[in-house]
Structures are given as structure tokens and as C-alpha cells.
Amino acid sequence: MYNNSKKAFSEAKKFIPGGVNSPVRAFKSVNSTPVFFERGNGSKMIDVDGNEYIDCVSSWGPLIFGHANQTIINSITETSKKGTTYGASTELETLVAKKIVDMVPSIEKVRMVNSGTEATMSAIRLARGYTKKEKIIKFSGNYHGHGDSFLIKAGSGAVTLGLPDSPGVTKNIAKDTLIANFNDIDSVIKLFNENKENIAAVIVEPIAGNMGLVKPKTNFLKQLRTTCTKFKSVLIFDEVMTGFRVSPGGAQQLYEVYPDLTTLGKIIGGGLPVGAYGGKKEIMNLLAPEGPVYQAGTLSGNPLAMSAGLTVLNLLKNDVYEKLEYISKKIENGWNQNIIETNTDAHVARVGSMMTLFFTNKNEINNYEDALQLDTNKYAKYFKLMLDMGIYLPPSQYECLFLSSVINENDIQSLIKSNKKALEELKNE
Ligand SMILES: *Cc1c(COP(=O)(O)O)cnc(C)c1O
């Protein structure tokens, strides 16, 4: 069933470290080897063995309209005929910037980059330049791309001085990243009290999507806002995942809490590599060439990515979010029903079209510590059972599903039926 994928993987391993260009693709956290894909169409992806899957990952978020959407493809094709990059200004960049400013409540000015990682790295540099302070606070279990300052987690809830997650991150960089607990404002206030004058920024995924889907508790984001204002620190919402996904204006619009800076990525590129960061004029105007904080990019704002992005943003009307809610709620309800009927220790967490089925006997996952208790072995088996039935889920218990608006009624029924079969099978083990 996966012969060609297996062959492709052993060939890839000869020339690419681990055979992949991004670690999660190797399927290691589900004790498996990767599927190699050949094409995508609407809600489906087809692998190199000809197996078809309903795609619940959407390239980790960007493909909110599914694969090979004709309008987006047309815009990329038409633009490419005029050349793919000039390394000089185009009006298209202003159109995209204006659209983002219109859609995201707290953004007054925005700078385009090429990935989410670049966006978060640049945002903290800017926050440091603006506040003239050095340390940042991040939350354990939150992911902000692979910049050195972010590859730090707390060894345990008690450890607040960051230890690098990866060799190659120096102790000196790690010491400027302080770790707080998600959904725990006291852990943030404690760090502020201990480092009174020196916290440049707090960066947070307003809805955490990188430890499975973890919702912010009521008031957590508001409390973060108040705390940052009080200590004159920049509040950064990393909306690389949630931006344009949970609402047209992202999580900040949904919860009505407004950060000073916002980082964007994924959906904004319409499937091409794009990131962006934006926020208050007063802060953004510190960027070169207007101000002293340097940040640049050879391909930043290139016409191909801008036309794909603009087309997607223009397509994101309210009815898209209604449709996504309808699809996602139906799947959630079906899966919850299956969980009850099979008496499985599990639950579904969901905000809009982002969701995770957690294998746990806890009722809620609220932070990284909770997430570490999840039954990842069970998830691995579940993932494989679903894959064999033609359902492509994230290859890790710590990632969420991103549903697209082209998932149809048949897909929904398959998703619910396959889930039931998989849970029954897991019971009989
Ligand atoms: C994906 C992601 C990033 C990194 O974006 P890349 O484009 O992969 O560099 C940053 N922050 C969050 C919240 C993400 O989900």
C-alpha cells in the first residue's frame, strides 16, 4: 500500500537530513515512515502509490480553500507571466498591506517577510529596539518558529530560566528567554516582578496550536494585555496559525484583546512562502529605512506570493467562516459521539476549524504540563488506522487539524465513520 512512499523515503534520506525538509513530516512521533504525495485536489491528497486521503492538515493551515483552488492558481499563473520577482517595489505590496490593515484590528502598518519564523524573529527584535529592554517571555508549549530565542522550553513548571531545546542555541541567548505557563497569569506576573525593568515583550499564541489545540481561559489574554501595559512591555500575538483562520481578524478579533504587534504566516501566503508582522504605527515606524531597527529580504513581498495572498484574503468573506464552523462542528459532534459510544478516554478540543482529538482521561488540556500526560502511543496507532482508511491527520498528537472549506458532506461522513472504526479497533487491542 505504501511501497512507493517507502522507496521515495529511502532515496530522500540519502540526500536530505532525515529525508525531510521539516522534521514533523518524517512521521517519527507516530512511530511510522512518511507518505510522499504527488498531488492535491480540493479536499483530497493523492500519494505516490495512488492512495487518496481526505486532508485534515491543509499544509498546516495555509490551504483554507483546499488544494489547487482555481482562483488562486489563476492569480499565481497570470502574475508569473509578468516575471516572478523584481527586487523592487510593486503596487501589489501596498494592496496586500492595506487588506491586512483592514482585516486585522490592531495592525496599522505591516511588513512582509517570507515565513512565520522570520516574522516572529523580526517582531522581537523590533520590540527590543522599541523598549530598549532585552528579555522576552514565552510560554512553554508555544511554538514560534525555529528562531534561537524561541527554541527554549521550561524543563518543568518550576524552571523559569530557559534551557535550550536544541544544541546550537547558546546559553546567552537562552537566558534572555523567560518561560511562563500558558493560561497562568501569575506565572507571568512573577517573571515581571523578578525582572522589573527588562522585559521587552511577551509573545503568545492566543489560541495555542502547537501542543494540540489549547484554548485560552476566560480573561487570560485580557490579563496579559493589562500586565504588558502596566510594565511597558510589548504584547505580541503570534497569529501565524490563527490569523485569518478563526475569524477574518484572527484570535484578537474573536476575543477582543488587541496586542501591540501581531505575527502572521500560513494562510496569508495562499500556499506560497509568506510571513508578515505588523502593529502600532509608533512601533512599526522604527523599522529601517524609517527607523534604526534593521530587517530586510530579497524576496520579501514578491509578486507571486503577494498575488496568491491577496486573492485568498479577498475570498475570505464571512460565509467562509460560517461554512468552516458548520463542517468542523459536525465532525466534532460525530467524534464526541463515537468517543462516548466506544467508551474511549479522549475528548475533542476545538476553536473554529482548528481542533485536536486528545487521548487522555482529563476533561481539559490547559497547558504544556497537561499536554505531556497525553497518550501519544494511542495517538500513533489511531493515526495509522485513520491513514489506512484514507484520512490524513497531523502526524503528531501535539498538532491540530486544520479543516478546509471544501470538505464536503461525504468527507464528513467518512471522517466520522473512520473515527468510529479506529476507536473500536483501539478498544479491542
Ligand atoms: C507555523 C508557525 C510558526 C512558524 O512559521 P514557519 O512559516 O513555519 O516558519 C510560527 N508561529 C506559529 C504559531 C506557527 O504555528
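**Exercise 1. The contact between the two domains**

In this predicted model, domain 1 and domain 2 bury about 2,400 Å² between them, with 61% of that area on carbon and sulfur atoms. Work out which parts of the chain form the two domains, how many residues each gives to the contact, and which elements line the side of domain 1 that touches domain 2.

*Solution.* Begin with the division of the chain, in which domain 1 is made of residues 3-64 together with 317-427, while domain 2 covers 70-315. The C-alpha centres of these two domains are 26 Å apart, and the contact takes 30 residues from domain 1 and 30 residues from domain 2.

Next, consider the kinds of interaction that cross the boundary. Between domain 1 and domain 2 there are zero salt bridges, but there are nine residue pairs in polar contact, with both residues at pLDDT 80 or more.

Now turn to the side of domain 1 that touches domain 2, where the elements giving two or more residues are helix H11 (318-341), strand E13 (346-351), strand E14 (354-359) and helix H12 (368-371). The largest share of that side comes from E14, which gives four residues. Sorted by class, this side of domain 1 holds 18 nonpolar, eight polar and four charged residues.

**Exercise 2. Two residues with a positive phi**

For Ser 58 and Asn 183, find the value of phi, then say where each residue lies and decide whether each is buried or exposed.

*Solution.* Keep in mind that most residues other than glycine have a negative phi. Ser 58 has a positive phi near 50° although Ser 58 is not a glycine, and its place is in the loop between strand E3 (52-55) and helix H2 (70-80). To judge burial, use the cut-off of under 20% relative accessible area: because the relative accessibility of Ser 58 is 2%, this residue counts as buried.

Asn 183 can be treated in a similar way, for its phi is positive, at about 70°, and Asn 183 is not a glycine. Asn 183 is found in the loop between strand E8 (177-180) and helix H6 (185-194). Its relative accessible area is 12%, so Asn 183 is buried.

**Exercise 3. A cis peptide bond**

Describe the peptide bond from Ala 288 to Pro 289 and say where Pro 289 lies.

*Solution.* Most peptide bonds are trans. The bond from Ala 288 to Pro 289, however, is cis, with omega near 10°. As for its place in the chain, Pro 289 lies in the loop between helix H9 (281-284) and helix H10 (303-315).

Key
Residues are numbered from 1 along each chain as its sequence is written. This is a predicted model: local features need pLDDT of at least 70, side-chain atom pairs count only at pLDDT 80 or more; totals for chains, interfaces and linings use all residues. Side-chain values use heavy atoms; hydrogens and water are left out. Buried means under 20% relative accessible area, exposed over 50%, partly exposed in between (1.4 Å probe, protein chains only). Domain bounds come from an automatic or database domain assignment. Contact means heavy atoms within 4.5 Å. Buried area is the accessible area (1.4 Å probe) that two parts lose on being put together, summed over both. A salt bridge is a side-chain nitrogen of Lys or Arg within 4 Å of a carboxyl oxygen of Asp or Glu. A polar contact is a pair of N or O atoms within 3.5 Å; within protein, one must be able to donate a hydrogen and the other to accept it, and residues adjacent in sequence count only if both atoms are side-chain atoms. Ala, Val, Leu, Ile, Met, Phe, Trp, Tyr, Cys and Pro count as nonpolar, Asp, Glu, Lys and Arg as charged, and the others, Gly among them, as polar.
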